[in-house]
Amino acid sequence: MEGRCHVIDGDTIVINGTHIRLAGIDAPELDQPYGQKAKFAMIALCKGQTVRAILTEGTSYERVVAKCLLPDGTDLSAALVTQGLALDWAKFSGGTYRHLEPGDARKKLWRVDAKHKGRFKMEA
């Protein structure tokens, strides 16, 4: 799937009416600390770009899950993790993006980290 996208939040975009969850990462919800910043970082990455979504198996809250790439090969998941605005979600990524997390990312995004450890319920 390919096209211009609309950004919902740091880890969800829409291409041609299809909601896509970025594979392997988790960004804060919009009402959590850094949630708005994650969304605006994703907007800045995607602005004026065609995004290619390589669909993976499965869905997440009625969204397809995909690895999303810009024309220059930039992996959107990797870019957001590198900026410290999303965390690698090892349960789904196998640790693919963990090495890209800045040293303070898990402390800064403590709610996301706590969710991964089962301390917060999953949000729809």
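# Exercises on a predicted model

Of the protein's 124 residues, 47% count as buried. The structure is a predicted model, and the exercises below proceed from the whole chain to single side chains.

## Exercise 1. Overall form

Determine which order of helices and strands the protein follows, and assess its radius of gyration against the globule rule.

*Solution.*

Step 1. Count the elements: the protein contains five helices and eight strands.

Step 2. Place them in sequence order, which gives the pattern β-β-β-β-β-α-β-β-α-β-α-α-α.

Step 3. Apply the globule rule. For 124 residues the rule gives 14 Å, and the radius of gyration is 13 Å, close to that value, so the protein is as compact as a globular protein of that length.

Step 4. Add the extents along the principal axes: the C-alpha atoms fill a box of roughly 35 × 25 × 25 Å.

Step 5. Consider the contacts between residues at least 6 apart in sequence; of these, 52% join residues at least 24 apart.

Step 6. Turn to the surface. About 6,700 Å² is exposed, and carbon and sulfur atoms supply 52% of this area.

## Exercise 2. The two sides of helix 1

Establish whether the length of helix 1 agrees with its number of residues, and how its buried residues are arranged about the axis.

*Solution.*

Step 1. Compute the expected span. Helix 1 covers residues 35-46, twelve in number, and at 1.5 Å a residue it should span 16 Å. The end C-alpha atoms are 17 Å apart, which agrees.

Step 2. List the buried positions of helix 1: Gly35, Ala38, Ala41, Met42, Leu45 and Cys46.

Step 3. View the helix down its axis. The buried residues fall within an arc of 125°, so they line one face of helix 1.

Step 4. Inspect the face turned away from the buried side, which carries the exposed residues Lys37 and Ala44.

Step 5. Continue past the helix: Gly48 follows helix 1 and has a positive phi, near 75°.

## Exercise 3. Arg21 and Asp11

Classify Arg21 and Asp11 as buried or exposed, and identify the backbone atoms that their side chains approach.

*Solution.*

Step 1. Locate the residues. Arg21 belongs to strand 4 (residues 18-22), while Asp11 sits in the loop between strand 2 (5-9) and strand 3 (12-15).

Step 2. Apply the cut-off for burial, which is under 20% relative accessible area. Arg21, at 7% relative accessibility, counts as buried. Asp11 is buried too, with a relative accessible area of 2%.

Step 3. Find the polar partners. A polar atom of the Arg21 side chain lies 2.9 Å from the backbone oxygen of Ile25. The Asp11 side chain reaches the backbone nitrogen of Ala27 at 2.8 Å.

Step 4. Examine the surroundings of Asp11. Beyond its neighbours within four places in sequence, Asp11 is in contact with Ile20, Arg21, Leu22, Ile25, Asp26, Ala27 and Arg63. Arg21 and Ile25 are thus among the contacts of Asp11.

Step 5. Compare sequence separation with distance for Arg21 and Lys117: they are 96 residues apart in sequence, and their C-alpha atoms are 20 Å apart in space.

## Exercise 4. Ser93

Describe where Ser93 lies, and state which backbone nitrogen its side chain approaches.

*Solution.*

Step 1. Assign the element: Ser93 is part of helix 3 (residues 90-93).

Step 2. Assess burial. With a relative accessible area of 12%, Ser93 is buried.

Step 3. Identify the polar contact: a polar atom of the Ser93 side chain lies 2.9 Å from the backbone nitrogen of Gly95.

Step 4. Set aside residues up to four places away in sequence; Ser93 then touches Gly24 and Asp88.

Terms used: Residues are numbered from 1 along each chain as its sequence is written. This is a predicted model: local features need pLDDT of at least 70, side-chain atom pairs count only at pLDDT 80 or more; totals for chains, interfaces and linings use all residues. Side-chain values use heavy atoms; hydrogens and water are left out. Helices (H or I, at least four residues) and strands (E, at least two) are DSSP runs, numbered from the N terminus. Buried means under 20% relative accessible area, exposed over 50%, partly exposed in between (1.4 Å probe, protein chains only). A polar contact is a pair of N or O atoms within 3.5 Å; within protein, one must be able to donate a hydrogen and the other to accept it, and residues adjacent in sequence count only if both atoms are side-chain atoms. The expected span of a helix is 1.5 Å times one less than its number of residues. The arc is that of the directions from the helix axis to the C-beta atoms. The radius of gyration is taken over C-alpha atoms; the globule rule is 2.2 Å times the number of residues to the power 0.38. Contact means heavy atoms within 4.5 Å. Accessible areas come from the Shrake-Rupley method with a 1.4 Å probe; for residues, only the protein chains shown count as cover.
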